Each structure stands twice: as structure tokens, then as C-alpha cells.
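The following exercises concern the structure shown below. Please attempt each task before reading its solution.

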Amino acid sequence: MNTKNAGAQIPPAVMEAIHLRKYFPLRQFKLSGSHNVVHAVEDTSLALYPGRAMALVGESGSGKTTVARLLACLYEPTAGTIMFRGEPIKDNGRAALKTYRHHIQLVFQDPFSSLNPVHDVRYHLKRPLRLHGYAHTTAQETEQILALLNRVSLSPAEQFITKFPHQLSGGQRQRVAIARALAAQPEVLLADEPVSMLDVSIRLDILN
């Protein structure tokens, strides 16, 4: 019998989804008053633990993206509960939402729509650094932005910091989106197919 980890305890889940459901209305029949809805997520429960990765696997249209957006509080659940640090998430206004999104970040599947085309890479990465208080001077900001770009294998980072989204390939845009999420130093990183647009040669490095 291996007694080395016999007394070890599993840390509590940092985030839980309990019986989540999400229905999107299609249309309302005026005569009957009934509604047609799309059952995007049906009775889904999961738990995310510190230091671990979970993969949500399913065919296209099975609700994976919707689950990620529910956990990021971009969608309101039709039913069910989302727990963070053992407490249910409630709609307590913009300040509470800002705090929540400091700890929970989402990497969107499509980097072509998630990056603002009128702003350069520096702008996209400095926003979370400034917003969450990680950079207070231009020098601090530049140092951390360069470190983030190197972390996602965009090097030499000095050449990418001034580029605009239209000057980047799809894979490079996705890496900027990943760097932006990492800039907030979140406890939970929700990634919606984060490496689907990347070259096979760097996918493993990015996932690590």
C-alpha cells in the first residue's frame, strides 16, 4: 500500500457549475403565447481545481462555447448555479463583475473578432495590466508586455508590440488574445479552442 499520499487532501474546487442550463429563445407565437427555445446547455455540472486542467469535449454545436461564456458571466444561466471559491456568483453590479473577471479570464475562439482592429498590440495588453493594477508606469507596462509576448512565443517581442491585428496572422492574433488573458493573472483561464489556429509545432508549448 502506498502511504505517501494517504493523508493528502484534494484542495477544494476554485469554481463549480451545478446543474447549469441555458436556453435561447427563437421566437414567440403571438396567438398561443408559447415560446420556442434552443436548449444550448442542458443540466451540466463540473468542477475546476487549482493547478489542474479540464477539457470539455464534444461535437460542434454541443454547447462547449456556451458553457465557457456562462462561466465567464457573459451569459446569464437559465437555471443552475456557478460557484467561485465556494460562494455563488450573484449579479452585484459592475464593481463585483470587474473583480470576478480579474480572477476569471476567457480566451475566445475567434481572434479575428476578439481583437479591436483600431488598436495595436501594446494597447490590447496594457489595458488589463493597468486595469488590475499590475503596471503603474510606462516602463513597467513595456517590461510586462514584452514578457507576455515572449511567453506566447511572439518573438522578437519588440517587433510585435507596435503591430495592429491586420498585420498579424490568425495564429499570431490568437497568441495575443492568450497573452491578454494571462495579463490579468487569473485564477481560472477558460480557453475556447485556444490552439485551433496555431501551427502544430507550437501548440504544445502554448498549452504548457
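**Exercise 1. The chain as a whole**

Of the 208 residues of the protein chain, 36% count as buried. The model is a predicted one.

Task: State how many helices and strands the protein chain has, and give their order.

Solution.
Step 1. The protein chain holds 8 helices and 6 strands.
Step 2. Read from the N terminus, the elements follow the order β-β-α-β-β-α-β-α-α-α-α-α-β-α.
Step 3. The C-alpha trace spans about 60 × 60 × 40 Å along its principal axes.
Step 4. Among contacts with a separation of 6 or more, 64% are between residues 24 or more positions apart.
Step 5. The accessible surface is about 12900 Å², and carbon and sulfur atoms account for 51% of that surface.

**Exercise 2. The salt bridges**

Task: Determine which parts of the chain are linked by the salt bridges of glutamate 42, glutamate 187 and glutamate 141, and decide whether glutamate 141 is buried or exposed.

Solution.
Step 1. The count of salt bridges comes to 4. One of them joins the side chains of glutamate 42 and arginine 21, at 2.1 Å from N to O. Glutamate 42 belongs to strand β2 and arginine 21 to strand β1 (residues 15-28); the two are 21 residues apart and link distant parts of the chain. Glutamate 42 is partly exposed, with a relative accessibility of 36%, and arginine 21 is partly exposed at 27%.

Step 2. A further salt bridge connects glutamate 187 with arginine 85, where the closest N and O atoms are 2.1 Å apart. Because glutamate 187 lies in the loop between α7 and β6, and arginine 85 in the loop between β3 (79-84) and β4 (87-88), the pair ties together parts that are 102 residues apart in sequence. Glutamate 187 has a relative accessibility of 41% and counts as partly exposed; arginine 85, at 48%, is also partly exposed.

Step 3. Arginine 130 and glutamate 141 meet through their side chains in a salt bridge of 2.9 Å, N to O. Arginine 130 is in helix α4 and glutamate 141 in helix α5 (residues 138-151), so this pair ties together parts that are 11 residues apart in sequence.

Step 4. The cut-off for a buried residue is a relative accessible area under 20%. Glutamate 141 has 4% and therefore counts as buried, whereas arginine 130, at 38%, counts as partly exposed.

Step 5. Arg130 and Glu141 also belong to a network of salt bridges that includes Arg122.

**Exercise 3. The two pockets**

Task: Describe the volume and the lining of the largest pocket and of the second largest pocket.

Solution.
Step 1. The largest pocket has a volume of about 1200 Å³. Its lining consists of 33 residues, and those nearest its centre are Ala53, Met54, Leu189, Leu190 and Ala191.

Step 2. At least two lining residues of the largest pocket come from each of β2 (35-48), α1 (64-71), α7 (170-183), β6 (188-191) and α8 (200-207). By class, this lining has 24 nonpolar, 2 polar and 7 charged residues.

Step 3. The volume of the second largest pocket is about 620 Å³. It is lined by 20 residues, with Arg101, Gln105, Phe108, Leu131 and Arg180 closest to its centre.

Step 4. To the lining of the second largest pocket, α2 (94-103), β5 (104-107), α4 (121-131) and α7 each supply at least two residues. The largest share, 5 residues, is that of α4. This lining divides into 11 nonpolar, 5 polar and 4 charged residues.

Methods:
Residues are numbered from 1 along each chain as its sequence is written. This is a predicted model: local features need pLDDT of at least 70, side-chain atom pairs count only at pLDDT 80 or more; totals for chains, interfaces and linings use all residues. Side-chain values use heavy atoms; hydrogens and water are left out. On a 1 Å grid over the protein atoms alone, a cavity is a set of points where a 1.4 Å probe fits but cannot get out, and a pocket is an open set with protein on both sides within 12 Å along at least five of seven lines; lining residues have an atom within 4 Å of a point. Grid points are joined across faces, edges and corners, and a volume is the space filled by probe spheres set on the points. Helices (H or I, at least four residues) and strands (E, at least two) are DSSP runs, numbered from the N terminus. Ala, Val, Leu, Ile, Met, Phe, Trp, Tyr, Cys and Pro count as nonpolar, Asp, Glu, Lys and Arg as charged, and the others, Gly among them, as polar. Buried means under 20% relative accessible area, exposed over 50%, partly exposed in between (1.4 Å probe, protein chains only). Contact means heavy atoms within 4.5 Å. Accessible areas come from the Shrake-Rupley method with a 1.4 Å probe; for residues, only the protein chains shown count as cover.
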